[in-house]
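Here are some exercises to work through with the model open in your viewer. Try each task before reading its solution.

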Amino acid sequence: SKADGYLARLTDALARGRQREALHALMDCSITVFHTGDWIRATHTDHHRSSSDLAANSKWLRMTRDIANAAKHGYLRWKAVDAVTHGAVLAKMEYKVDRRKPTTGHRIVGLATDATSHDVVDVLREAIAEWRAFVEAKGI
């Protein structure tokens, strides 16, 4: 899928220590994954409710929404009141470089409002898998 291609681009850019490329791929992948629900609702109206429910109740898809928002705007720092209003799962993201492997040890970590941290590559993989399972189960 398109999202898989963007995820591969993100993984490759991180592995090669290419921060700018990684951030662009992050934006492309997270926006594509998040908007998969919009595509389903627009083209398969009989699955409008169930796809909306999945997007609202899935931690992975909600995190992907927050990653997409951060990537679009170049940051992610919700005020406490905004996090409650918008249901944010992530508090912020950090681009990390392993000092022992500065040219290849790159990753992007999302810090969640519940004080857990998640590698965004793993979050995006889980979100893609959830949409894929949904599409297959609904015969879309």
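**Exercise 1. Find out what share of the protein chain is buried, then lay out its secondary structure.**

Solution. Keep in mind that you're looking at a predicted model. Start with burial: of the 140 residues in the protein chain, 36% are buried. Next, tally the elements, and you get 6 helices and 3 strands. Now read along the sequence, and the order comes out as α-α-α-α-α-β-β-β-α. Finally, look at the contacts with a separation of 6 or more: 56% of them involve residues 24 or more positions apart.

**Exercise 2. Work out how helix α1 sits against helix α6.**

Solution. Two numbers do the job here, since packed helices are described by the angle between their axes and the distance between the axes. For α1 (residues 2–15) and α6 (residues 120–138), the axes come within 11 Å and cross at roughly 170 degrees. That angle is over 145, the cut-off for roughly antiparallel, so α1 is roughly antiparallel to α6. The crossing itself is left-handed. To see who touches whom, pick out Ala-3, Asp-4, Leu-7, Leu-10, Thr-11 and Leu-14 on the α1 side. Across from them, α6 contributes Val-121, Leu-124, Arg-125, Ile-128 and Arg-132.

**Exercise 3. Do the same for α2 and α3, then trace what Thr-32 touches.**

Solution. Step one is the geometry: the axes of α2 (residues 19–43) and α3 (residues 48–57) come within 9 Å, with a crossing angle of roughly 170 degrees. These two helices are therefore roughly antiparallel to each other. On the α2 side, the contact uses Gly-37, Ile-40 and Arg-41, while α3 brings His-48, Ser-51 and Ser-52.

Step two is Thr-32, which is also in helix α2. Skip its neighbours within four places in sequence, and its contacts are Lys-2, Ala-3 and Tyr-6. Take Lys-2 as a check: Thr-32 and Lys-2 are 30 residues apart in sequence, yet their C-alpha atoms are 7.6 Å apart in space.

**Exercise 4. Place strand β2 among its partners.**

Solution. First, look at how covered β2 is: across residues 106–112, 5 of the 7 residues are buried. Next, go to β1 (residues 90–97), which runs antiparallel to β2 and is joined to it by 7 bridges. On the other pairing, β2 meets β3 (residues 117–119), again antiparallel, over 3 bridges.

Now use Gly-110 as a marker. In the β1 pairing, Gly-110 of β2 is the bridge partner of Met-93. In the β3 pairing, Gly-110 stands opposite His-118. To finish, follow the chain from β2 to β3: the two form a hairpin with 4 residues between them, and Ala-115 in the turn has a positive phi of about 75 degrees.

**Exercise 5. Is His-106 buried or exposed, and what does its side chain pair with?**

Solution. Locate His-106 in strand β2. Its relative accessibility is 13%, so His-106 counts as buried; the cut-off is under 20%. Then check for polar partners: the side chains of His-106 and Tyr-95 are joined by a polar contact of 2.7 Å. Last, list the surroundings. Leaving out neighbours within four places in sequence, His-106 contacts Leu-14, Gly-17, Tyr-95, Lys-96 and Val-97. You've already met Leu-14, one of the α1 residues that meet α6.

Key: Residues numbered from 1 in each chain as written. Predicted model: local features only at pLDDT ≥ 70, side-chain atom pairs only at ≥ 80, totals over all residues. Heavy atoms only, no water. Buried < 20%, exposed > 50% of the residue type's maximum accessible area, 1.4 Å probe, protein only. Pairing = 2+ DSSP bridges. Polar contact = N/O pair within 3.5 Å; in protein donor to acceptor, adjacent residues only side chain to side chain. Contact = heavy atoms within 4.5 Å. Axes fitted to C-alpha atoms, helices over the stretch in contact; angles between N-to-C directions. Parallel < 35°, antiparallel > 145°, perpendicular 65-115°, else oblique. Left-handed = near helix turned anticlockwise from the far one by under 90°.
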